[in-house]
Amino acid sequence: MLFGSDNWAGAAPRISESLGRHSVGYAPAYGDSDLDKSVEATFNEVFETDCRVFFVGTGTAANSMAFALVMKPGGVAFCHREAHLAANEGGAPEFMTGGGRLCAVDGPLGKISPESLLRVSEPYSSSFNHLGQGTMVSITQSTEAGTCYSLSEIEAVSETASKNGLVLHMDGARFANALVDLDCSPSEMTWKRGVDMVSFGGTKNGCWCAEALVVFNPEIAASSEFVRKQMGHLFSKTRFMTAQFQAYFEDGLWLDLARHSNSIGNELVEMIQNSNRVRLAWPSSTNQVFFVAKREDASKWLDAGARFHLFPTPEFLEGEISGDEQLYRLVASFISTSDDVKALSSVINQ
C-alpha cells in the first residue's frame, strides 16, 4: 500500500548490477571514460539525432541548468502554475540564473494552454525594459497532474513559443511514463515537435540517481559545460551515472519499467472508480492518480498503513471540493503490485 511517491522505490536490479560491474578499477573522470561516451552515443540513438547530453544529479539541477543556458538580462521563463519548476524547486531556477524569473501560465489538467501562453508571454517580447525579456517555455511531460500533452498539444505550445522567440524546454522527470502512454518515439515527442531541450529523468523510474539535460539546439549547448560546472553538477565519477543509463536503455528496460508503473496506475484509477468512499479527481493515464476523500477517512487509512500524500488543490479544481474533503495523490512505481492495489482497496472500502 506504499503509494507515496515513485521516489520511494529503490533501484531496478539490472541497474544495480550495472553499477556494481562499473564500480571496480580505473576509468577517466569527468565524463571522459569509454562508458560515458558510449552512453552519450546511446542517447543520440534513442532520440534519432545528434544531441548534447549533460549528466546531472537531480531533476532540479537539470531544470535550473536549462533556464540558465538561455538566461538574458531581466530573463523570464514561462511554465504551468503547478509545474515542479515553479512550485517544488525552492527557488533553485531563479537562484542558479542570478535573478531570472518564473511566470505562471494557466491551463487545464496541468497543461499549458497555448492561448494563455500567448497572452502572458506577448508583453515580454517587446523592448520595454521595465518588464524584462522572455527566454523559455517549460512544459512538464508527464505533467504534475499525471496527464500527458498529446503530440499536437506539444506542437501548439511550440508554435506559440516560437512566435515570441522563446526556447521550448520539456521537464521529463517522468519522460518514460509519458512516452509509453502516447506510444510514440522519443524524437516524435521532442525535437520533431519543436522541443529544444529535455530534462531527462531516470531516478523516478528505477535508477538510483540518474538525470540528464539533453540539448538538441547546438547554439544553446555552447556554454553548457561552464554552467554545469558552476552549478556543482560536473561529477568526477560520471561513470556511476552512465552505468545506470547503460542498463536503463538496454533491451528497452526503461520502457518496461514505465509500462508497469502506468499499468498499476490504471488499476488505481479503476479501484477508485469502483469505490463509493472516494472519487477520482480527474482522469489520468500514467502512474500518478488523484482522488478526493473526506479528511477524516484519509486519516484513518493512513493510520492503517496506507501511504499517499495530501496534494495542493490546483486552480482548475477549485470549487469542486467541499469543506470536509481534500485532494490526495497516489503514485505507482516500478515495484508496485496488483496486490498493493487490492490491499489499499480493502482499507478504503472496509
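Leaving aside its neighbours within four places in sequence, which residues is Phe-200 in contact with? In this predicted model, the contacts of Phe-200 beyond that sequence range are with Phe-43, Phe-47, Gly-172, Phe-175, Ala-210, Glu-211, Ala-212, Val-214, Phe-245, Tyr-248, Phe-249 and Trp-254. Phe-200 also belongs to the largest nonpolar core, a set of 56 residues in which Phe-43, Phe-200, Phe-245 and Trp-254 touch the most other members. Helix H12 (residues 239–249) supplies the largest share of this core, namely six residues. Another core, of 23 residues, lies apart from it and includes Phe-67, Ala-77, Val-167 and Val-215.

Aromatic pairs number 25 in the structure. In one of these, the ring centres of Phe-308 and Tyr-328 are 5.5 Å apart and the ring planes stand at 85 degrees, so the pair is classed as edge-to-face. This pair joins distant parts of the chain, with Phe-308 in the loop between helix H14 (295–303) and strand S10 (309–310) and Tyr-328 in strand S11 (residues 325–331), 20 residues apart; both residues are buried. Ring pairs further connect Phe-43, Phe-47, Phe-55, Phe-175, Phe-200, Phe-216, Phe-245, Tyr-248, Phe-249 and Trp-254 into a cluster.

The largest pocket encloses about 240 Å³ of space, and its lining, which includes Glu-82, His-84, Arg-174, Lys-204 and Arg-329, comprises four nonpolar, three polar and five charged residues. The second largest pocket, with a volume of about 210 Å³, is lined by 18 residues, of which Gly-59, Thr-60, His-84, Ala-173 and Lys-204 are the closest to its centre. Helix H3 (residues 59–69) gives the most to this second lining, with three residues, and by class the lining holds two nonpolar, 10 polar and six charged residues.

Conventions: Residues are numbered from 1 along each chain as its sequence is written. This is a predicted model: local features need pLDDT of at least 70, side-chain atom pairs count only at pLDDT 80 or more; totals for chains, interfaces and linings use all residues. Side-chain values use heavy atoms; hydrogens and water are left out. A nonpolar core is a set of buried Ala, Val, Leu, Ile, Met, Phe, Trp, Tyr and Cys residues joined through side-chain atoms within 4.5 Å. Buried means under 20% relative accessible area, exposed over 50%, partly exposed in between (1.4 Å probe, protein chains only). Helices (H or I, at least four residues) and strands (E, at least two) are DSSP runs, numbered from the N terminus. Contact means heavy atoms within 4.5 Å. Rings of Phe, Tyr and Trp (its six-membered ring) pair if their centres lie within 6.5 Å; planes under 30 degrees apart count as stacked, over 60 as edge-to-face and the rest as tilted. On a 1 Å grid over the protein atoms alone, a cavity is a set of points where a 1.4 Å probe fits but cannot get out, and a pocket is an open set with protein on both sides within 12 Å along at least five of seven lines; lining residues have an atom within 4 Å of a point. Grid points are joined across faces, edges and corners, and a volume is the space filled by probe spheres set on the points. Ala, Val, Leu, Ile, Met, Phe, Trp, Tyr, Cys and Pro count as nonpolar, Asp, Glu, Lys and Arg as charged, and the others, Gly among them, as polar.
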